[in-house]
Amino acid sequence: KKDYARRLRFCIKHLHDDPRKFIFSDEVVVTTNHGLKRRQWVRIGSSAESRERRRWPDARVMVWGCIGYGWRFICVVKGTICAESYISQCLQKVVHHIKTKRLVLQQDGAKCHTARRTKTFLAENGVSVMEDWPAHSPDLNVIENLWPHLKHRVGVLCPTQEGLGRAVIKAWKEIPQEQINNLILDFPQRLRRCASTHGE
């Protein structure tokens, strides 16, 4: 259940912040068969197999990404994502940029984000974190709007299981930076809309 009061307090607090100082991050699962209308070759006189009856096999990878104004990063996570893999495969590759640019990292309340080891790593590296991010608020995280575009681009590439990771990286690079910048600049407007409905 959403804590509307907490969401409202969050929106009011950050309403006048410069969105360009934030780095928005999140994880997503990307598959080789993302809801596109695929075609089947069938013999004359026979019919196509129902997808509901027999699903086409698809590979999947866990992806972590973060975006900022004029900047983006993505990582295909090997194995499951836990505090250790989150730090070694994701954070260590972006911590220098975040620190030197004096940006604030946004992350949700996933266990790998709130683990003591993760918090210690960020503190030791001088990374500021948006500590008051409200739970169950993907509508406020601008990177959520980027995932459907990424999944669609990956689906168009029709990658094999072995090439899925490379397809994700390729599709990510093809997303225009202007599109990402517009999402970043839209953050205050999201906060205003959420505040106007008292956090709902």
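In the predicted model, a salt bridge joins Arg7 and Asp139, whose closest N and O atoms are 2.8 Å apart. Because Arg7 belongs to helix α1 (residues 4-14) and Asp139 to the loop between β5 (128-129) and α5 (147-157), the pair ties together parts that are 132 residues apart in sequence. The two partners differ in burial class: Arg7 is buried, with a relative accessible area of 0%, whereas Asp139 is partly exposed at 35%.

In total, the structure holds eight salt bridges. Another of these connects Glu174 with Arg153, at 3.7 Å from N to O. Glu174 lies in helix α6 (residues 164-174) and Arg153 in helix α5, so this contact ties together parts that are 21 residues apart in sequence. Both side chains count as partly exposed, Glu174 at 36% relative accessibility and Arg153 at 28%. Together with Lys170, Arg153 and Glu174 are linked in a network of salt bridges. A further salt bridge is formed by Arg193 and Asp186, with 3.8 Å between the closest N and O atoms. Here, too, the residues are partly exposed, with relative accessibilities of 43% for Arg193 and 23% for Asp186.

Aromatic contacts were also examined, and seven aromatic pairs were counted. One of them, Trp64 with Tyr86, is edge-to-face, with 5.7 Å from centre to centre and 80 degrees between the planes. This pair links distant parts of the chain, 22 residues apart: Trp64 is in strand β2 (residues 60-68) and Tyr86 in helix α2 (residues 83-100). Trp64 is buried at 0% relative accessibility, as is Tyr86 at 0%. Elsewhere, ring pairs link Phe22, Phe24 and Phe187 into a cluster. In addition, Arg20 lies over the face of Tyr69, 6.0 Å from the ring centre.

Note on methods:
Residues are numbered from 1 along each chain as its sequence is written. This is a predicted model: local features need pLDDT of at least 70, side-chain atom pairs count only at pLDDT 80 or more; totals for chains, interfaces and linings use all residues. Side-chain values use heavy atoms; hydrogens and water are left out. Rings of Phe, Tyr and Trp (its six-membered ring) pair if their centres lie within 6.5 Å; planes under 30 degrees apart count as stacked, over 60 as edge-to-face and the rest as tilted. Helices (H or I, at least four residues) and strands (E, at least two) are DSSP runs, numbered from the N terminus. Buried means under 20% relative accessible area, exposed over 50%, partly exposed in between (1.4 Å probe, protein chains only). A charge sits over a ring if NZ of Lys or CZ of Arg is within 6 Å of the ring centre and within 35 degrees of the ring normal. A salt bridge is a side-chain nitrogen of Lys or Arg within 4 Å of a carboxyl oxygen of Asp or Glu.
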